[in-house]
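User: I would like to go through this model with you, one question at a time.

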Amino acid sequence: MNDTQITQEKVSEKDPASGVVNNKKGGEKGKKKALLLILLFLIVAGAAGGYWWYTQNQVMDATTKYWFDKLAQDGSLQGKTPTEVQGILNSVVEEGMFNVSINAKAIFNDGKSEGSIGLENIPENRYYCRVVIRRDDTNEVLYESQGLKPGQYIDKIKLKKNLPAGNYDCTAQVIATDPESLDDIGQVQVKIQVNVLN
């Protein structure tokens with residue numbers, strides 16, 4: 001009887017010990033898998049967030065490191081008369097000169113809707129440009145673009161502020177930037193009117 005009891009005691013001592021070892025190994029494997037899943041999730045979420053940010057924000061040109069506007073489109077604005085198109089084709093922009101094309105009236109259905117600004121950096125220009133539109137009475141910035149290359153335009157924009165209906169006298173400050181040095185070399189002030197209908 002004593003031998004049997006000793007044998008049973010030995011077996012019962014080994015089983016709990018074996019169970020503890022297996023639980024530790026299983027627990028460590030489970031923790032590693034959970035950590036790997038969390039790490040994988042964070043990598044995927046980070047990649048998705050980075051892609052969203054990249055597509056939602058302006059794009060830096062890889063060559064010049066200059067910020068270009070995500071709304072900028074290549075080509076010329078539609079709706080020009082043949083005479084206007086021919087005038088642009090015939091124009092030779094001299095060194096140090098800068099031609100600006102922008103709507104004299106920007107009309108918005110309401111303060112939250114898009115309106116046509118018609119800003120164009122004509123192909124004959126030598127410089128990049130960007131625009132800042134301010135109200136004349138308050139000097140408040142209503143719109144600010146990033147850069148446009150020669151041969152690009154921005155048509156539809158939204159204002160930074162939800163303005164009530166009315167006509168607002170504004171100044172569009174068009175800033176010319178040297179494409180090589182990226183220094184601002186000058187600016188043109190253009191009087192425009194922002195009309196909010198409703």
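User: Which residues form a nonpolar patch on the surface, and about how much accessible area do they have together?

Analyst: This is a predicted model, and every value discussed here is computed from it. The patch on its surface is nonpolar and consists of Leu35, Ile38, Phe41 and Leu42. Together, these residues have an accessible area of about 460 Å².

User: Is leucine 35 buried or exposed, and in which helix does it lie?

Analyst: The relative accessible area of leucine 35 is 58%, and because the cut-off for exposed is over 50%, leucine 35 counts as exposed. The element in which leucine 35 lies, spanning residues 2–56, is helix H1.

User: In what order do the elements of the protein run from the N terminus on?

Analyst: The protein has 2 helices and 10 strands. Read from the N terminus on, the order of these elements is α-β-β-β-α-β-β-β-β-β-β-β.

User: What percentage of the residues of the protein count as buried, and what percentage of the exposed area do carbon and sulfur atoms supply?

Analyst: The protein has 198 residues, of which 29% count as buried. About 13200 Å² is exposed by the protein, and the share of it supplied by carbon and sulfur atoms is 55%.

User: Which strand supplies the largest share of the largest nonpolar core?

Analyst: In soluble globular proteins, nonpolar side chains tend to be buried together. The largest nonpolar core here has 27 residues, and those with the most contacts inside it are Ile102, Ile117, Val131, Ile133, Ile192 and Val194. At least two residues of this core come from each of S4, S5, S6, S7, S8, S9 and S10. The largest share, 5 residues, is supplied by S9.

User: Which residues does valine 194 touch, if residues up to four places away in sequence are not counted?

Analyst: Valine 194 is one of the residues with the most contacts inside the largest nonpolar core. With residues up to four places away in sequence left out, the residues that valine 194 touches are Ala106, Phe108, Leu142, Leu159, Gly166, Asn167, Tyr168 and Cys170.

User: How many residues of S5 are buried, and to which strand do 5 bridges join it?

Analyst: Gly115, Ile117, Leu119 and Asn121 point one way from S5, whereas Ser116, Gly118 and Glu120 point the other way, and all are buried. The strand is thus described as mostly covered, with 7 of its 7 residues buried. Serine 116 has lysine 156 in S8 as its bridge partner, and the antiparallel strand joined to S5 by 5 bridges is S8.

User: How many bridges join S6 to S9, and how many join S6 to S7?

Analyst: Strand S6, residues 128–135, is mostly covered, since 6 of its 8 residues are buried. Isoleucine 133 has alanine 172 in S9 as its bridge partner, while valine 132 stands opposite glutamate 144 in S7. Both pairings are antiparallel, and the bridges number 8 to S9 and 3 to S7.

User: Which residue in the turn between S6 and S7 has a positive phi?

Analyst: S6 and S7 form a hairpin, with 5 residues between the two strands. In this turn, the residue with a positive phi, of about 65°, is asparagine 139.

User: How far apart are the C-alpha atoms of methionine 97 and tyrosine 127?

Analyst: Methionine 97 lies in the loop between helix H2 and strand S4, and its relative accessibility of 47% makes it partly exposed. Methionine 97 and tyrosine 127 are 30 residues apart along the chain, and the separation of their C-alpha atoms is 9.3 Å.

Note on methods
Residues are numbered from 1 along each chain as its sequence is written. This is a predicted model: local features need pLDDT of at least 70, side-chain atom pairs count only at pLDDT 80 or more; totals for chains, interfaces and linings use all residues. Side-chain values use heavy atoms; hydrogens and water are left out. Helices (H or I, at least four residues) and strands (E, at least two) are DSSP runs, numbered from the N terminus. Buried means under 20% relative accessible area, exposed over 50%, partly exposed in between (1.4 Å probe, protein chains only). Patches are made of residues with over 30% relative accessible area and no salt bridge: like charges are joined within 9 Å, nonpolar side chains (Val, Leu, Ile, Met, Phe, Trp, Tyr) within 5 Å. Accessible areas come from the Shrake-Rupley method with a 1.4 Å probe; for residues, only the protein chains shown count as cover. A salt bridge is a side-chain nitrogen of Lys or Arg within 4 Å of a carboxyl oxygen of Asp or Glu. Two strands pair if DSSP finds at least two bridges between them. A nonpolar core is a set of buried Ala, Val, Leu, Ile, Met, Phe, Trp, Tyr and Cys residues joined through side-chain atoms within 4.5 Å. Contact means heavy atoms within 4.5 Å.
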